[in-house]
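User: I'd like a close look at one part of this model, with the rest of the chain brought in where it helps. Keep it relaxed, but walk me through it properly.

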Amino acid sequence: IDDSMSVVEETNTIVTKMKENLKAIQDIMSKWAEKPLFERKQKNMRPEDFDQQHKAAIAQRHMEISQGSKNIRQLIKDTVDYVKATKTSMEWKNYVDYVSGIIIEGIAKVMTTSLMFFANQIDASYLRRNELGPLFDVNVDLIDKVVLFDPELGETAKRSGIRDLINGWIADFVHVATLVQRIDGNPGDYMYEIRDHMLIQELMSIIAYNLQETESECNQFKAIYEEYSYLWTENITETFDIFLVEEAEVEKKNEGDSEDEKEDLGFEHPILQGVVTKMPPMAKFDEKVSALKVIKNKISDFKTPTNIGWLRINSKPIKVALDRVVTEWIKNYTGFLLKNVTKQMENMNNFMEKTNGGIKVNPAEDPSNKQLLMSVMEHIRDVRLFKDSTDAMFGTLKEQIILLKKHEVAMDQDLFHFFESQ
């Protein structure tokens with residue numbers, strides 16, 4: 001009986017030690033899975049900034065798991081030494097297989113906990129149910145004449161896209177399997193067993209689906225701005241030149257051959273020197289500028305930021321870029337008119353000063369000065385010669401000035417006051 005009791009006590013001691021060591025192994029692995037390897041921040045932030053913080057945090061977690069793996073191997077060694085088992089015996093191999101199964105499930109638990117948590121963070125319906133805001137801030141901008149997200153949503157050559165970052169975070173989860181060394185005497189880790197884990201594969205698919213859904217919705221959002229791509233793909237100068245020629249031709253046909261019937265002066269009208277006379281009617285200019293201003297206001301009214309699932313899209317950069325482009329288009333039309341009006345008013349001012357000064361001189365005061373008489377007569381001739389055409393010019397010039405004032409284009413006030421005084 002004493003011998004039997006001794007055997008029972010020894011066996012109980014061994015079993016207790018084995019249970020204690022196994023419990024210690026399970027506690028180590030449970031601690032690994034207490035919280036995900038991905039940490040949600042209190043405020044949304046730029047993905048690249050989050051990645052920097054994640055790298056520091058995951059390095060610490062990996063180090064803890066690596067140290068835990070060493071502790072597990074030590075516990076296995078303590079067990080085999082305590083029970084004085086032969087490592088090649090079937091009993092010990094069965095025990096190691098049993099513990100290996102626990103380790104594999106422990107590693108899988110760490111990974112599935114992290115994958116499940118991350119899958120929820122990029123699930124729009126989960127965020128709505130739990131009243132959670134977006135994870136990351138993303139800009140949308142016009143870069144090299146292309147509407148792009150910053151950072152880009154997909155994978156990039158520089159591996160700076162959001163998908164690149166997410167792939168890296170998932171790789172950090174999977175890397176856990178390489179940090180735990182095998183206890184069955186075989187070299188390597190448990191990556192082979194983890195690779196085909198069903199729940200891990202399922203969670204990977206959910207993450208891929210959530211990513212695709214968000215990318216699709218973001219691309220629809222981007223298409224709102226791409227609708228105006230003609231503003232930055234078409235050449236502004238070439239488009240305007242075509243407008244001048246085509247609309248001027250239409251206007252010429254509508255007027256018939258009236259211009260050919262005008263008196264040929266034999267030289268350029270002094271008020272028209274450097275002035276474009278063949279141009280579309282002001283109604284066409286007004287139509288173009290007004291349409292562009294409608295686009296400008298519409299873009300200005302686009303709300304920003306916009307939440308799309310787990311992303312907060314900041315549209316301010318592209319709104320600023322498009323406003324600049326539309327303004328350039330508008331200035332191409334109004335700038336042409338302003339330059340033309342300014343030049344014509346300058347010519348008119350110079351012409352009036354020249355003729356008025358010449359007419360004021362009285363040839364009777366110097367009867368012998370034939371050259372002075374001829375000069376005064378030439379000025380009188382010029383005034384009579386250009387009177388009718390100059391009166392017509394005032395009407396056209398007035399239309400252009402009214403249009404410029406309508407669209408709030410700043411003009412030289414001295415020239416403008418001169419025009420109003422005529």
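Here's where I'd like to start: does lysine 145 count as buried or exposed, and why?

Analyst: Lysine 145 counts as exposed, because its relative accessibility is 57%. Keep in mind that this is a predicted model.

Let's stay at that spot for a moment. Lysine 145 belongs to the loop between strand 1 and strand 2, and its phi is positive, near 65°, although the residue isn't a glycine. Aspartate 144 is in the loop between strand 1 (136-143) and strand 2 too. Aspartate 144 also has a positive phi without being a glycine, in this case near 50°. For context, most residues other than glycine have a negative phi. Aspartate 144 counts as exposed because its relative accessibility is 72%.

Zooming out a little, strand 1 and strand 2 make a hairpin with two residues between them, and aspartate 144, with its phi of about 50°, sits in the turn. The two strands run antiparallel and are joined by five bridges. One pairing you can pick out by eye is leucine 142 with its bridge partner in strand 2, valine 147.

Now follow strand 2 away from the turn. Its side chains alternate: Val147 and Phe149 point to one face and are buried, whereas Val146, Leu148 and Asp150 point to the other face and are not buried. That's the textbook pattern, as side chains in a regular strand alternate between the two faces of the sheet.

Right after strand 2 there's something worth checking in your viewer. The peptide bond from aspartate 150 to proline 151 is cis, with omega near 0°. Proline 151 is in the loop that runs between strand 2 (146-150) and helix 5 (162-174). There is also a cis bond between threonine 304 and proline 305, where omega is about 0°. Proline 305 falls in the loop between helix 11 (282-301) and strand 3 (306-308). Most peptide bonds are trans, which is the background to keep in mind for both.

The hairpin is part of a bigger arrangement. Four strands build an open sheet with mixed pairing, in the order 2-1-4-3. Strand 2 and strand 3 are the edge strands, each pairing on one side only. Direction ignored, neighbouring strands of this sheet are turned against each other by 30° on average. On the side of strand 1 that faces strand 4, the pairing is parallel, with four bridges between the two. In that pairing, aspartate 137 stands opposite arginine 312 in strand 4.

Strand 1 also supplies a ring. Counting aromatic pairs over the model gives 20. One of them is edge-to-face, between phenylalanine 136 and tryptophan 310, with 6.2 Å centre to centre and 85° between the planes. This pair links distant parts of the chain: phenylalanine 136 is in strand 1, while tryptophan 310 is in the loop between strand 3 and strand 4 (311-314), 174 residues apart. Both phenylalanine 136 and tryptophan 310 are buried. Ring pairs also tie these two into a cluster with Phe38, Phe50, Phe117, Phe118 and Trp169.

A couple of side chains elsewhere are worth a click. The charged end of lysine 17 sits over the ring of tyrosine 82, 5.9 Å from its centre. Glutamate 215, in helix 8 (residues 198-226), counts as buried because its relative accessible area is 15%. Leaving aside residues up to four places away in sequence, glutamate 215 touches Leu153, Gly154 and Arg163.

Finally, here's the chain as a whole. It has 14 helices and four strands, and buried residues make up 38% of its 422 residues. Of the contacts with a separation of 6 or more, 78% are between residues 24 or more positions apart. The accessible surface comes to about 25200 Å², and 51% of that belongs to carbon and sulfur atoms.

So, back to your starting point: lysine 145 is exposed because its relative accessibility is 57%, and its loop lies between strand 1 and strand 2.

Note on methods. Residues numbered from 1 in each chain as written. Predicted model: local features only at pLDDT ≥ 70, side-chain atom pairs only at ≥ 80, totals over all residues. Heavy atoms only, no water. Buried < 20%, exposed > 50% of the residue type's maximum accessible area, 1.4 Å probe, protein only. Pairing = 2+ DSSP bridges. Phe/Tyr/Trp six-rings, centres within 6.5 Å; stacked < 30°, edge-to-face > 60°. Lys NZ or Arg CZ within 6 Å of the ring centre and 35° of its normal. Contact = heavy atoms within 4.5 Å. Areas by Shrake-Rupley, 256 points an atom, 1.4 Å probe, with all protein chains shown as cover. Axes fitted to C-alpha atoms, helices over the stretch in contact; angles between N-to-C directions.
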